[in-house]
Amino acid sequence: MSYELIAAKREELGTGASRRLRHASKLPAVVYGDNKDAVSITMDHNPMFYALKQEAFHASVIDLVIDGVKEQVLLRDFNMHPVKPMVMHADFQRVNPNEKVHVKVSLHFVGADTCPAVKLHSGRISHVTTEVEVCALPANLPTHLDVDLSAMIAGQIVHLSDLKLPEGVELAALLRGKNATVASATGVIVE
């Protein structure tokens, strides 16, 4: 899925200027990275607010059009108002299509309700990890990773090294030598 956001450079900086933007339903933001200067921008609030509700948006390369010039960016951070449903600020990082980036993606667990641990051994599946950090070129970034639990039996554990990854995608934890638990199954095997 492709996302596009329209923005404009902003000249007025500071708390008062940001407050005036928010009152006008605008969102102050900043774009940085790729060996270029950071640029303060403003955009309409609602497109960003509704895009944040989509899981894939958080791990996708976004086309950010600043005053007619398109740049590819990743959403790196955003702040929400503590009470109101309002985005207060957003940070975007420029991406180079030829350099790998690190992004956190969510795990989608499939097949847990039909696996032998649940169906045959009255067990439960525990999701120990719900998101992982992947390393890939921007064009290869997945929006999520599926974890197939349909063959799990009681007492079995799924580790990071057991995940099936798309081509060109690596797990950052495995690169650092950590093979954490993703899911585990409990249950009683009666013989």
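Me: Strand 4 and strand 5 run antiparallel; how many bridges join them?
Reply: Welcome: this is a predicted model, where local features need pLDDT of at least 70, side-chain atom pairs count only at pLDDT 80 or more, and totals for chains, interfaces and linings use all residues. Residues are numbered from 1 along each chain as its sequence is written, and side-chain values use heavy atoms, with hydrogens and water left out. Helices (H or I, at least four residues) and strands (E, at least two) are DSSP runs numbered from the N terminus, and two strands pair if DSSP finds at least two bridges between them. For strand 4 (residues 62-66) and strand 5 (residues 69-80), the number of bridges is five.

Me: Which residue in strand 5 stands opposite Val 65?
Reply: Strand 4 and strand 5 form a hairpin with two residues between them. In the turn, Asp 67 has a positive phi of about 50°. Across the pair, the residue opposite Val 65 is Lys 70.

Me: Let's follow strand 5 onward: what is the bridge partner of Phe 78 in strand 6?
Reply: Strand 5 pairs with strand 6 (residues 87-94) in the antiparallel sense over seven bridges. These two strands also form a hairpin, with six residues between them. In strand 6, the partner of Phe 78 is Ala 90.

Me: Glu 71 is found in strand 5; which side chain does its own side chain join in a polar contact of 2.6 Å?
Reply: Glu 71 is buried (under 20% relative accessible area, against over 50% for exposed and in between for partly exposed, with a 1.4 Å probe and protein chains only), because its relative accessible area is 17%. Leaving out residues up to four places away in sequence, Glu 71 touches Lys 36, Ile 62, Asp 63, Leu 64, Ile 66 and Arg 94, where contact means heavy atoms within 4.5 Å. A polar contact is a pair of N or O atoms within 3.5 Å; within protein, one must be able to donate a hydrogen and the other to accept it, and residues adjacent in sequence count only if both atoms are side-chain atoms. At 2.6 Å, the side-chain partner of Glu 71 is Arg 94.

Me: Why are the buried residues of helix 1 on the same side?
Reply: In helix 1 (residues 15-23), the buried residues are Ala 17, Ser 18 and Leu 21. On the other side, Thr 15, Arg 20 and His 23 are exposed, while the cover over the buried residues includes strand 2 (26-33) and strand 3 (36-44). The arc is that of the directions from the helix axis to the C-beta atoms. The buried residues sit on the same side of helix 1 because they cover an arc of only 100°.

Me: Now to another sheet: in strand 13, what is the bridge partner of Ser 126?
Reply: Three strands form an open, antiparallel sheet in the order 8-13-11. Its edge strands, each pairing on one side only, are strand 8 (125-127) and strand 11 (157-159). Three bridges join strand 8 to strand 13 (residues 181-185), and the partner of Ser 126 is Ser 184.

Me: Which residue's backbone oxygen lies 2.8 Å from a polar atom of the Thr 129 side chain?
Reply: Thr 129 lies in the loop between strand 8 and strand 9 (131-136), and is buried because its relative accessible area is 17%. Not counting residues up to four places away in sequence, Thr 129 touches Leu 107, Phe 109, Thr 181 and Val 182. The backbone oxygen at 2.8 Å belongs to Thr 181.
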